[in-house]
Amino acid sequence: MNIKEELLALQDISYADFQAKLTPNIPRDLFIGVRVPEARKLAKRIIGEPETFKFLRDLPHKYYDENMLHGLLISEMKDYDACIEAVDEFLPYVDNWAVCDIMSPKIFKKNKKALLEKIKEWSKSEEEYTCRFGLEMLMSHFLDDDFKPEYLEIPLSVNNDEYYVKMMIAWFFATALAKQWDATIKHIEDQRLDTWAHNKAIQKARESKRITSKQKEYLKSLKG
């Protein structure tokens, strides 16, 4: 099995053109054009193959689609420690929001205590996508039953002005407003975020169907 050939067999030129427009920092010639559902099927099919272990260590990859597949393969890993090791090996090579956001390891749900410590580590990173990944994992795993108000301090303490980090902070707080309104609104009222992230969080929250009309009107009054 040759993984690059597997990806090329799934090529869709029009989709490659579309993806290139959404990820302008990656040159067009580095897009094969594999649709995410097809890449996901491929990841599930090859996760245990010897060639896959080699692929996961063969960094950096050339193509955007190889990086997307890499993220999907990590998401399928069933051993927590091996998954964390693979994430830490891969994050330095993540160079766009789509590859960052495709990683969602299922095994994380069963290891919340250890994951929280890694999230704190990732979110302190000066690397744009390492920091973004940490905040996304916090948003994905700690805004529901495992939520504690103190977790809101993690994104508030981030010292990283990169665009995709600030976008994630805004997204995080918009989601937190939808899921944990009482704890989160205090930070919006106190304008704990910088003006850009503050206003973007309010915008995203007001676009959410999980926020009531009354809440949306109140948020509108808090715009900076």
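A salt bridge is counted here when a side-chain nitrogen of Lys or Arg lies within 4 Å of a carboxyl oxygen of Asp or Glu. The exercises below concern a predicted model, and the structure holds 13 salt bridges by this criterion.

**Exercise 1.** Determine how the side chains of D17 and R28 meet, and where in the chain the two residues lie.

*Solution.* Start with the distance: the side chains of D17 and R28 approach to 2.7 Å, N to O, and form a salt bridge. Next, place the partners: D17 belongs to helix 2 (residues 13-22), whereas R28 is in the loop between helix 2 and helix 3 (36-46), so that the pair, 11 residues apart, links distant parts of the chain. Finally, consider exposure: D17 is partly exposed, with a relative accessible area of 35%, and R28 is also classed as partly exposed, at 32%.

**Exercise 2.** Work out which elements hold D88 and K118, and whether each residue is buried, partly exposed or exposed.

*Solution.* The side chains of D88 and K118 meet in a salt bridge of 2.8 Å, N to O. Since D88 lies in helix 6 (residues 80-90) and K118 in helix 8 (residues 112-123), the pair ties together parts that are 30 residues apart in sequence. For exposure, D88 has a relative accessible area of 29% and is partly exposed, while K118, at 13%, counts as buried because the limit for that class is under 20%.

**Exercise 3.** Describe the spacing of E38 and K41 in their helix, and the exposure of each.

*Solution.* Both residues lie in helix 3, 3 residues apart, which is about one turn of the helix. Their side chains meet in a salt bridge of 3.6 Å, N to O. E38 counts as partly exposed at 30% relative accessibility, whereas K41, at 52%, counts as exposed.

**Exercise 4.** Locate H198, decide whether this residue is buried or exposed, and identify the backbone oxygen that lies 2.8 Å from a polar atom of its side chain.

*Solution.* H198 is part of helix 13 (residues 195-207). With a relative accessible area of 2%, H198 is buried. The backbone oxygen in question is that of L222, 2.8 Å from a polar side-chain atom of H198.

**Exercise 5.** Name the residues that form a negative surface patch, and place D161 in the chain.

*Solution.* The patch is formed by E126, E127, D161, E162 and D194. Of these, D161 sits in the loop between helix 10 (153-156) and helix 11 (163-179), and D161 is exposed, with a relative accessible area of 66%.

Definitions and conventions:
Residues are numbered from 1 along each chain as its sequence is written. This is a predicted model: local features need pLDDT of at least 70, side-chain atom pairs count only at pLDDT 80 or more; totals for chains, interfaces and linings use all residues. Side-chain values use heavy atoms; hydrogens and water are left out. Patches are made of residues with over 30% relative accessible area and no salt bridge: like charges are joined within 9 Å, nonpolar side chains (Val, Leu, Ile, Met, Phe, Trp, Tyr) within 5 Å. Accessible areas come from the Shrake-Rupley method with a 1.4 Å probe; for residues, only the protein chains shown count as cover. Lys and Arg count as positive and Asp and Glu as negative; His and the chain ends are not counted. The place of a charge is taken as NZ of Lys, CZ of Arg, CG of Asp or CD of Glu. Helices (H or I, at least four residues) and strands (E, at least two) are DSSP runs, numbered from the N terminus. Buried means under 20% relative accessible area, exposed over 50%, partly exposed in between (1.4 Å probe, protein chains only). A polar contact is a pair of N or O atoms within 3.5 Å; within protein, one must be able to donate a hydrogen and the other to accept it, and residues adjacent in sequence count only if both atoms are side-chain atoms.
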